[in-house]
Amino acid sequence: MTVLTRGNQVSRKSIEKLDLLLLILETIDLNGIQSLYALSNRLNLNNVLPNKVTIWKLRNNNPLRKSYVTNNIKLNEFDALIRITVEMSKYLYPYIREILKSKEDIEENSVIWNDFNKRFIELIKERFNIDTIRVKKLLNQAENDEIITKSLLILSFCISNQGYQKLKNFLYDF
């Protein structure tokens, strides 16, 4: 299991995966951080995620970010981010489905896929360190289509009754 590196810490890989999923959700929802914070309030996670800055700081544990810092994200903080990811996926599922459908039928629905992809790349350039090889993969059209599609499918699995557990298992590499 790769989630725990030592003690009560979350692995870098798990943090990267979750932050990428949150970035996909922010690509869909133009009010991304505000929506994440509103969901954290609705889920009564105020003790773990008291404000937008806390969410931002936790996400900066992703080593792919420009503003990367090692704050040793705690399991309860990571769990809170998983919970809001699942809830946001449920809320945005109709859009997720539409984006996936547009990828399948690129000739008819290319505008939806292209707009989504363009916004995703803009967010990557704005927030991630574009000099790293892994981020360059996200910016490469041929490779990012597969990454985006896989991420959208993972978010689609979150809408089920066991969505939280499915996402947690994915992130923890069970």
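Student: Leaving aside neighbours within four places in sequence, with which residues is Arg65 in contact?

Tutor: This is a predicted model, in which local features need pLDDT of at least 70 and side-chain atom pairs count only at pLDDT 80 or more, whereas totals for chains, interfaces and linings use all residues. Residues are numbered from 1 along each chain as its sequence is written, and side-chain values use heavy atoms, with hydrogens and water left out. Arg65 lies in the loop between helix 3 and helix 4; helices (H or I, at least four residues) and strands (E, at least two) are DSSP runs numbered from the N terminus. With contact taken as heavy atoms within 4.5 Å, and without the neighbours within four places in sequence, the partners of Arg65 are Asp19, Arg59, Asn60, Arg127, Phe128 and Asn129.

Student: Is Arg65 buried or exposed?

Tutor: The classes rest on relative accessible area with a 1.4 Å probe and protein chains only: under 20% is buried, over 50% exposed, and in between partly exposed. Arg65 has a relative accessible area of 5%, so it is buried.

Student: What distance separates the C-alpha atoms of Arg65 and Val135?

Tutor: Arg65 belongs to the loop between helix 3 and helix 4. Val135 is 70 residues from Arg65 along the chain, yet their C-alpha atoms are separated by 9.0 Å.

Student: Which helix gives the most to the lining of the largest cavity?

Tutor: On a 1 Å grid over the protein atoms alone, a cavity is a set of points where a 1.4 Å probe fits but cannot get out, a pocket is an open set with protein on both sides within 12 Å along at least five of seven lines, and lining residues have an atom within 4 Å of a point. The largest cavity holds about 50 Å³, a volume being the space filled by probe spheres set on points joined across faces, edges and corners. Its lining consists of Ile15, Leu18, Asp19, Leu22, Leu58, Arg59, Ile73, Phe78 and Leu81, and two or more residues come from each of helix 1 (12–28), helix 3 (52–59) and helix 4 (75–104). With 4 residues, the greatest contributor is helix 1.

Student: How many charged residues line the largest pocket?

Tutor: The largest pocket encloses about 560 Å³, and among its 16 lining residues the closest to the centre are Lys17, Leu20, Arg134, Ile147 and Lys150. Ala, Val, Leu, Ile, Met, Phe, Trp, Tyr, Cys and Pro count as nonpolar, Asp, Glu, Lys and Arg as charged, and the others, Gly among them, as polar. The lining has 7 nonpolar residues and 1 polar, and its charged residues number 8.

Student: At roughly what angle do the axes of helix 7 and helix 8 cross?

Tutor: The contact involves Lys150, Ile154 and Phe157 of helix 7 and Gly163, Lys166, Leu167 and Phe170 of helix 8. Axes are lines fitted to C-alpha atoms, for helices over the stretch in contact, with angles from 0 to 180 degrees between N-to-C directions. The axes of helix 7 (residues 141–157) and helix 8 (residues 163–172) come within 8 Å, and the crossing is at roughly 140°.

Student: Over which residues does pLDDT stay under 50?

Tutor: pLDDT is the predictor's confidence in each residue, from 0 to 100; the chain mean is 88, and 93% of residues reach 70 or more. Where pLDDT is low, the predicted coordinates should not be read in detail. The stretch with pLDDT under 50 is residues 1–6.
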